[in-house]
Amino acid sequence: MSSSENEIVRVLEADGRFAPTPAAERYLSLIESISDAELEQFYRDMVVIRAIDTQATNLQRQGQLALWPPSRGQEAAQVGSGRAARAQDTIFPSYREHVVTRIRGVDPLDIIKLMRGVSHGGWDPTDPKNGNTRLYTLVLGSQALHATGYAMGLSFDGRSGSGDVDRDEAVIVYYGDGASSQGDVHEAMVFAASYQSPTVFFLQNNHWAISVPVSTQSRVPLVQRSAGYGIPSVRVDGNDVLASYAVSRTALDEARTGQGPRAIEAVTYRLGAHTTSDDPTKYRGNDEEESWAQRDPITRMRAFLENRGAAASFFADVDAEGADAAEDLRARTVELGPPPVSRMFDHVYSEAHPLIAEQKAWLAKYEASFEGGAQ
């Protein structure tokens, strides 16, 4: 095992064997405390979201969506970190964290609405049913500033740092290897380190920023970028859901109890296209894709559960749930109609505003002037 392999946190090999790396030793007690029900939930989360993800990709190909960013291959990184967050934590996603949002309570149809162009944001981040999940951010890296600012507010308001993990709050922000080169991410780390905010930076290194390989973006492992700001940083196998969970849980608890920001680089791979407008065959070869397909996070976790004696009926039940969830998403997507015209005026301001009211009234009068009234 190379020195770089020694430094990555991994407990499951690609074939599902439990074989912790030296860097995983400090997390073993936490991993061993995970119940059988939780282990099965991790697997269920990954399988169901892949079925939903595949369906959404198909819907875009059939003209039902304007765009879809697939998450195929990154399920373990997302499920582990998503399940690691506590109920009081706040999530700042990028635009590919489909299973994280689902874990927190967001209806996948709300993501569909955004990608279909019938919603400005998708869901209400202040609605408790959405689990403190902020909106998707299509501007690369800007969510890191939002997350750090919010986390600083938690500290200022005394909602973090008491040492009580069941009360204290933390923030986790997701971004990719491409966004890690954006100035917003680095500015966020400056403030997080300076103010010791309860921010966990979760970098999903899927190896490709659209067509730019990570080797071009950085001459050193990306984990060193956050470490350069004095932020304790960990590199984890992003295709190992158990390692992702343990590292994320530990980082969030450390951040929330006043130990300052933490950073995680989850080394994974985007098996699909960057988005449905992308053709990855133009810039990467089959050998690379096949190599990473052999490290598929779902296949890995299934082998682990089978080795533990999970019944065939469990896997059949999970597959059926995924198929049902995908079909439900399709049915509800094709039933979506256009939003009411009045919606373009909603939420421009947090409170009623005379200019908006005037514009809304003008439009209604204008449309009424046509033969037959508003269309």
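Here are three short exercises on the structure above, each with a worked solution.

A word on the ground rules: this is a predicted model, where local features need pLDDT of at least 70, side-chain atom pairs count only at pLDDT 80 or more, and totals for chains, interfaces and linings use all residues. Residues are numbered from 1 along each chain as its sequence is written, and side-chain values use heavy atoms, with hydrogens and water left out.

**Exercise 1. Size and burial**

Work out how the radius of gyration of the protein sits against the globule rule, and what share of the residues is buried.

Solution. Start with the rule: 2.2 Å times the number of residues to the power 0.38, with the radius taken over C-alpha atoms. For 375 residues that puts a compact globule near 21 Å, and the protein has 22 Å, so the two agree. Next, burial (under 20% relative accessible area is buried, over 50% exposed, in between partly exposed, using a 1.4 Å probe and protein chains only). By that cut-off, 52% of the residues count as buried. Last, take contacts, meaning heavy atoms within 4.5 Å. Among those with a separation of 6 or more, 73% are between residues 24 or more positions apart.

**Exercise 2. A bridge between distant parts**

Find which parts of the chain R332 and D107 tie together.

Solution. First, the pairing: the two side chains meet in a salt bridge at 2.8 Å, N to O (the cut-off is a side-chain nitrogen of Lys or Arg within 4 Å of a carboxyl oxygen of Asp or Glu). Then place the partners. R332 is in helix α14 (residues 312-334), while D107 is in the loop between α5 (98-104) and α6 (108-116), so the pair links parts 225 residues apart in sequence. Helices here are DSSP runs of H or I, at least four residues, and strands are E runs of at least two, numbered from the N terminus. Finally, check exposure: R332 is partly exposed at 25%, and D107 is partly exposed at 26%.

**Exercise 3. Bridges within a helix**

Compare the settings of K113–D110 and D253–R256.

Solution. Take K113 and D110 to begin with: their closest N and O atoms are 3.6 Å apart. Both sit in helix α6, three residues apart, or about one helical turn. K113 is partly exposed at 26%, whereas D110 is buried at 11%. Now D253 and R256, which bridge at 2.9 Å, N to O. They lie in helix α11 (residues 241-259), also three residues apart. D253 is buried at 17% and R256 is buried at 0%. Shared partners join this pair with R86, D89 and D166 into one salt-bridge network.
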